[in-house]
Amino acid sequence: MSELSALDMCQKRAIFKPMTQHERELFKQHCGGSWKLVLRFIMAGEACCRREKSQAIAGHGHSIAVTTSGAVYTFGSNNSGQLGHGSLEEEWRPRIIRSLQGIKIIQAAAGAGRTMLVSDAGRVYAFGKDSFGEVEYGVQGSRFVTTPQMVESLKDIYIVQAAIGNFFTAVLSREGCVYTFSWGNEMKLGHQTEPNDIQPHVLAGPLENIPVVQIAAGYCYLLALACQPNGMSVYSVGCGLGGKLGHGSRTDEKYPRLIEQFQALKIQPVVVAAGAWHAAVVGKDGRVCTWGWGRYGCLGHGNEECESVPKVVEALSNVKAVHVATGDYTTFVVSDKGDVYSFGCGESSSLGHNTLTEGNNRHTNVLSPELVTSLKRTNERVAQISLTNSMYWNAHTFALTDSGKLYAFGAGDKGQLGTELAAQRSERGAPELVEIDLS
């Protein structure tokens, strides 16, 4: 089997679909039995597919939109240059980053005061606060970078995904290897470096020999969706407060540790999402699991209890999920029909349910999944949801449709919704179309 035909095979099948015994034997025969080499082909094929997909990121007061052609638009807060336009001025309308002309972007990540972009050539570009660690309340990031700059320390590694946590940054290579920056004291992420270390370090432990296909970063922890011969699995590492690591305790983990509960539930994870204090997974069969700190009902189990191991959201038993997104005590689920369900904290109108809490300008918290009827009325099939994942910013939410339309709602005080609000208004309760062509 040639490398081309091997890549063709990976591109023709779903990336998360376990290989058949026959396929495993073929890859062992022709790829030397190296699963990391196998993942190189899979990730390359997956990256090729993602180059043709648009993306919208609801960041920390600012927003990023990537078109199918790889162009990048940014808007919203810009106090650190995180919009990449060469200035510190806010933008209330989507504006293309012209300095990226000729560079095709396939993935974006947003943090507090900074932005990272990944190109189809495996290069990473960063701008905003000049830091890979804590940028909002730490001493790092005193220098602002107002236009995209290639991350030199990653130039020899082909990167396919970047994820920004509150104290660290993580990237994923085409070969399925995870690298982390910062937050290294006491080996909190598998290495003993200083917090201001700007060099990437391989995430030590079990994942050094197990290829990863997706990473998700929350508040002081990281989730990794890994590919093994018997199927997909999820590993977690970092701070265990609230049970968000999924191991049945609140103990911190210095090295990645397998979340064993999915085997007991007979769930094959295909999508992972890391909120600030809680996490979620979509299984191959469409079931949704949540765990962690259940404040405001963000786990969808009808209460505000913590869950220290993944638990199936029974209220979604009649829904086949294909996508999940998490924020600060908020969760969104997208079904195979393009319907959207949300639950958790309703502050800033970010759930899209439009039910005002008496006496203030917040929306009620939702303890169990509810259909977002305001999106249903758009007569569009939603493909992706993105919402702010931060404790320090009021949340806003994006809904990206199959047809490439982008709808926004929630907090908009910095222009992060892509449109100016009416006088005396700081948020929008109902989805509104953003004037941007992502197709």
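Two strands are said to pair when DSSP finds at least two bridges between them. The views below are all drawn from a predicted model.

**Figure 1. The hairpin of strands β1 and β2.** Strand β1 covers residues 55-58, and strand β2 covers residues 62-66. The two strands pair in the antiparallel sense over four bridges, and within this pairing Ala-56 stands opposite Ala-65 of β2. Three residues lie between β1 and β2 in the hairpin, and Gly-61 in the turn has a positive phi of about 85°. In a regular strand, side chains alternate between the two faces of the sheet. In β1, Gln-55 and Ile-57 point one way, whereas Ala-56 and Ala-58 point the other way. Residues on both sides of β1 are buried, among them Gln-55 and Ala-56.

**Figure 2. Surroundings of Gln-384 in strand β25.** Strand β25 comprises residues 382-387, and Gln-384 lies within it. The relative accessible area of Gln-384 is 16%; the limit for a buried residue is under 20%, so Gln-384 counts as buried. The Gln-384 side chain reaches the backbone oxygen of Ala-56 at 2.8 Å. This Ala-56 is the residue of β1 that stands opposite Ala-65 in β2. Apart from neighbours within four places in sequence, Gln-384 is in contact with Ser-54, Gln-55 and Ala-56, with His-323, and with Phe-398, Ala-399 and Leu-400.

**Figure 3. Ile-105 and its contacts.** Ile-105 belongs to strand β5, which spans residues 105-111. With a relative accessible area of 1%, Ile-105 is buried. Once neighbours within four places in sequence are set aside, the contacts of Ile-105 include Val-66, Gly-70, Val-72 and Leu-100, as well as Leu-117, Val-118, Ser-119 and Tyr-125. The C-alpha atom of Ile-105 is separated by 8.1 Å from that of Ser-69, a residue 36 positions away along the chain.

**Figure 4. The open sheet β5-β6-β7-β8.** Strands of a sheet pair through backbone hydrogen bonds, in either a parallel or an antiparallel arrangement. The four strands of this open sheet follow the order β5-β6-β7-β8, with antiparallel pairing. At the edges stand β5 and β8 (144-150); each has a single partner strand, so one side of each is left without a neighbour in the sheet. On average, neighbouring strands of this sheet are turned by 10° against each other, direction ignored. Between the edges, strand β6 (residues 114-119) and strand β7 (residues 124-129) are joined by five bridges in the antiparallel sense. Within this pair, Thr-115 has Phe-127 of β7 as its bridge partner.

**Figure 5. The open sheet β13-β14-β15-β16.** Four strands form this open sheet in the order β13-β14-β15-β16, and their pairing is antiparallel. The edge strands β13 (212-218) and β16 (253-258) each pair on one side only. Neighbouring strands here are turned against each other by 15° on average, direction ignored. Strand β14 (residues 221-228) is joined to β13 by six bridges, the two running antiparallel. Leu-225 in β14 is the bridge partner of Gln-214.

**Figure 6. Cysteines Cys-227 and Cys-298.** A disulfide is a covalent bond between the sulfur atoms of two cysteines. A pair of cysteine sulfur atoms must be within 2.5 Å to be counted as a disulfide, and the count comes to zero. The closest cysteine sulfur to that of Cys-298 belongs to Cys-306, at 8.5 Å, which is too far for a bond. Cys-298 is buried, at 0% relative accessibility. Cys-227 is also buried, with a relative accessible area of 11%.

**Figure 7. Positive phi at Tyr-296 and Asn-379.** Tyr-296, a residue other than glycine, has a positive phi near 65°. Its place is the loop between β19 (288-292) and β20 (307-312). Tyr-296 is partly exposed, with a relative accessible area of 22%. Asn-379 likewise is not a glycine and has a positive phi, near 60°. Asn-379 is found in the loop between α5 (373-376) and β25. With a relative accessible area of 72%, Asn-379 is exposed.

**Figure 8. Residues 404-439, an annotated RCC repeat.** The unreviewed UniProt entry annotates "repeat: RCC" over several stretches, including residues 70-121, 122-175 and 404-439. Over residues 404-439, the chain is 0% helix and 36% strand. The end C-alpha atoms of residues 404-439 are 5 Å apart.

Terms used
Residues are numbered from 1 along each chain as its sequence is written. This is a predicted model: local features need pLDDT of at least 70, side-chain atom pairs count only at pLDDT 80 or more; totals for chains, interfaces and linings use all residues. Side-chain values use heavy atoms; hydrogens and water are left out. Buried means under 20% relative accessible area, exposed over 50%, partly exposed in between (1.4 Å probe, protein chains only). Contact means heavy atoms within 4.5 Å. UniProt positions are given in the numbering used here, feature names are shortened, and annotations may be inferred rather than shown by experiment. Axes are lines fitted to C-alpha atoms, for helices over the stretch in contact, and angles run from 0 to 180 degrees between N-to-C directions. A polar contact is a pair of N or O atoms within 3.5 Å; within protein, one must be able to donate a hydrogen and the other to accept it, and residues adjacent in sequence count only if both atoms are side-chain atoms.
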